[in-house]
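Please look over the sequence and the structure below before reading on. The text that follows explains some of the contacts that can be found there.

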Amino acid sequence: MTGKTPTLSRSDIGRLLNRGYSAFRQGAYNETAAVCKTILQAYPKTKEAHFLMGLLGLEKRQFGIARDAFKNVVVLDETHTPAWAQLARVFVNLGQYSNANKALDRAIKLGTDDPLVEDVIGTVYSLLGDQTKALEWYDRANAHSPTSMFELSRAKSLTFLGRIQEARTALTRFLEAYPDVSQGHWMLARLEKVTDDTHVAEMEELLKKLGNNDHHQAMLSYALGKEYEDLSQPDKAFEAYSRGAAARRREVPYNEQSEDALYKSLPQLYSRDWYDNQTEEEGGQGFDDRSPIFIIGQPRTGTTLVERIITAHSEVHSAGELQQFGMAIKRMTGITTPGPVGLEGMTSAVSLNLETLGKLYIETSQMMRGQEPHFVDKMPINYLYAPLIAKSLPNAKIIHITRDPADSCFASFKQLFADAYFHSYDQEEMARHHLRYRELMKHWRALLGDRMLEVSYEDVVSDLEGQARRIINYLDLDWQDACAKFHKQTGAVTTASAVQVREKAHTRSVGLWRQYQEHLGPMLRALKYNVEEKEQQSGYKNQKSE
């Protein structure tokens, strides 16, 4: 194409839009982008092309592009309900909850009976942590649809709300209508422990049909792994997990060299000298707020379990996994890259005014913190920012959850995460990440001292009330018996542990890696894990379920 602006008729625009949306549905994203560019060069005010660019940005998780595109739509047409709803969705993903609520309110006031828009509104409520409202909108979408396509959305919220049998019914309806949607099978496999191989056989057949697609292969393989594990077939389970991990690894942009550089630099950037010598001009006294409780660590190590213990207390609200601390660092340093704060941002953050940082975190978390005196922020990756948290919020509590390295790594390896923990899909990459993390936490532990409480997952599941009392005491709260009966809570749980944490604490997962030991050689060697020594340690051998 030359540098001249193309001459297009209105009929040309219509044909191009049809082509662009068709390409988008087929995953031909480069063609989609090219179509939008062609249209917008000729007619910059074509709202349909801006809307498609917004959808493309969302799909590729380029939230800045998506935000700008949907903003263009509502500038051109302030009554465009779908764009307001999608804009709210983008703002949530950017951690801009106040803007998300404003856009969401606008979409609702404008009104809609389009089930696709109602589903987006439900998704926004779900991302904001209001699963009851989310389900209401998913129900509306389902009622307005001639098919069962929105039963999948309903099943998500029902699962988060602990309404497992209703979630199963919704998924069954969905899969009857859409048997080839791998996500439906993955969600169904995670609901409950299976007792026969009926669903396994269905998924094995579907895998033969769809297995050349990495997305479907990952979903179906992780689902198969979970059900083979339920059926006490560890060899088949591990084969499925490995196949799923390999497929997922091909999809994600993990850069181990960048992570290694970050972890090596952090102890030098946040040294004892830095920690002890923050001046008043640098906000060294921090922001005085006693409400936050941070739970940090690796995924699948019991962070949700400890959160449920704490939030069973009447004075503590669960705010979920907030992006707000990392977003506050990015906002103050001008960093715009997605994901956790990297080396550039953490290098700049050394010079931030800490009082301003703490205040910004509190202000931007306001809409998620509830009405109770304290709230829990359970974003595990906040461990990267532990010294910044400690200095910017000197009265905040920080709880670091630890777990046996082999169990921790294997638990992550057999979990399909939504859009995080890209290191977890290769045994050796995962193990090397874990070693970097443990070395970093050793430095943070020496730096923070008793500002940070360390809690062992193994100790919690073997002595629930004793550890719960220890945690509540650290939080300077009065003991409440409800904390030892966390599984009776009815509030929504939106993490990978949504089903498990409604059970009583148990030790079934302690030492689970041993059932797969012959397959975990690369991981164990990279961890420098002494298997014989672990076998001799009490608490790791012959564990019995409680």
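The paragraphs below go through aromatic pairs, charges, helix packing and a few distances. The model is a predicted one.

Aromatic rings come first. A pair of aromatic rings is described by the distance of the centres and the angle of the planes. A search of the whole structure turns up 20 aromatic pairs. One of them joins Tyr270 and Trp274, with 4.8 Å from centre to centre and 80° between the planes. That pair counts as edge-to-face, because the angle is over 60 degrees. Tyr270 is buried, and Trp274 is buried too.

A second pair is made by Phe410 and Tyr516, whose ring centres are 4.6 Å apart and whose planes stand at 40°. This pair is tilted, because its angle falls neither under 30 degrees nor over 60. Where in the chain do Phe410 and Tyr516 lie? Phe410 belongs to helix α22 (residues 405–413), while Tyr516 is in the loop between α25 (464–474) and α26 (521–527), so the pair ties together parts that are 106 residues apart in sequence. Phe410 and Tyr516 are both buried.

Rings can also be linked in groups. Phe294, Phe325, Tyr361, Phe375 and Tyr385 form a cluster through ring pairs.

A ring may also have a charge over it. In this model, the charged end of Lys391 sits over the ring of Tyr275, at 4.7 Å from the ring centre. Likewise, the ring of Tyr457 has the charged end of Arg403 over it, 4.5 Å from the centre of the ring.

Salt bridges come next. How many salt bridges does a search of the whole structure find? The search finds 29. In one of them, the side chains of Lys47 and Asp77 meet, with 2.8 Å from N to O. Lys47 is in helix α3 (residues 47–59), and Asp77 is in the loop between α4 (63–76) and α5 (81–93), so this salt bridge links distant parts of the chain, 30 residues apart. Are Lys47 and Asp77 buried, partly exposed or exposed? Lys47 has a relative accessibility of 27% and therefore counts as partly exposed. Asp77 has a relative accessible area of 18% and is therefore buried, the limit for buried being under 20%.

Another salt bridge joins Arg163 and Glu166, and the closest N and O atoms are 2.8 Å apart. Arg163 is partly exposed, at a relative accessible area of 35%. Glu166 is partly exposed as well, at 37%.

Arg250 and Asp214 form a further salt bridge through their side chains, at 2.9 Å from N to O. Here Arg250 lies in helix α14 (residues 234–251) and Asp214 in helix α13 (residues 214–230), and the pair links distant parts of the chain, 36 residues apart. Arg250 counts as exposed, because its relative accessibility is 52% and the limit for exposed is over 50%. Asp214 is partly exposed, with 22% relative accessible area.

Salt bridges can also be joined into a network. One such network links Glu256, Glu259, Asp260, Lys264, Arg432 and Arg436.

The next topic is how helices pack. Two packed helices are described by the angle between their axes and the distance between the axes. Helix α11 (residues 182–191) packs with α13 at an angle of about 20°, and the axes are 9 Å apart. The angle makes α11 roughly parallel to α13, because angles under 35 degrees count as roughly parallel. The crossing of α11 past α13 is left-handed.

A second packed pair consists of helix α18 (residues 324–333) and helix α20 (residues 354–365), with an angle of about 125° and axes 9 Å apart. At that angle, α18 is oblique to α20. The crossing of α18 past α20 is right-handed.

Finally, distance along the chain can be set beside distance in space. Lys47, which lies in helix α3, is 471 residues from Glu518 in sequence, and their C-alpha atoms are 57 Å apart in space. Pro44 is in the loop between α2 (29–42) and α3. Pro44 counts as exposed, at 51% relative accessibility. From Pro44 to Asn72 there are 28 residues along the chain, and the C-alpha atoms of the two are separated by 9.8 Å.

Note on methods:
Residues numbered from 1 in each chain as written. Predicted model: local features only at pLDDT ≥ 70, side-chain atom pairs only at ≥ 80, totals over all residues. Heavy atoms only, no water. Phe/Tyr/Trp six-rings, centres within 6.5 Å; stacked < 30°, edge-to-face > 60°. Buried < 20%, exposed > 50% of the residue type's maximum accessible area, 1.4 Å probe, protein only. Helix = DSSP H or I, 4+ residues; strand = E, 2+ residues; numbered from the N terminus. Lys NZ or Arg CZ within 6 Å of the ring centre and 35° of its normal. Salt bridge = Lys/Arg side-chain N within 4 Å of Asp/Glu carboxyl O. Axes fitted to C-alpha atoms, helices over the stretch in contact; angles between N-to-C directions. Parallel < 35°, antiparallel > 145°, perpendicular 65-115°, else oblique. Left-handed = near helix turned anticlockwise from the far one by under 90°.
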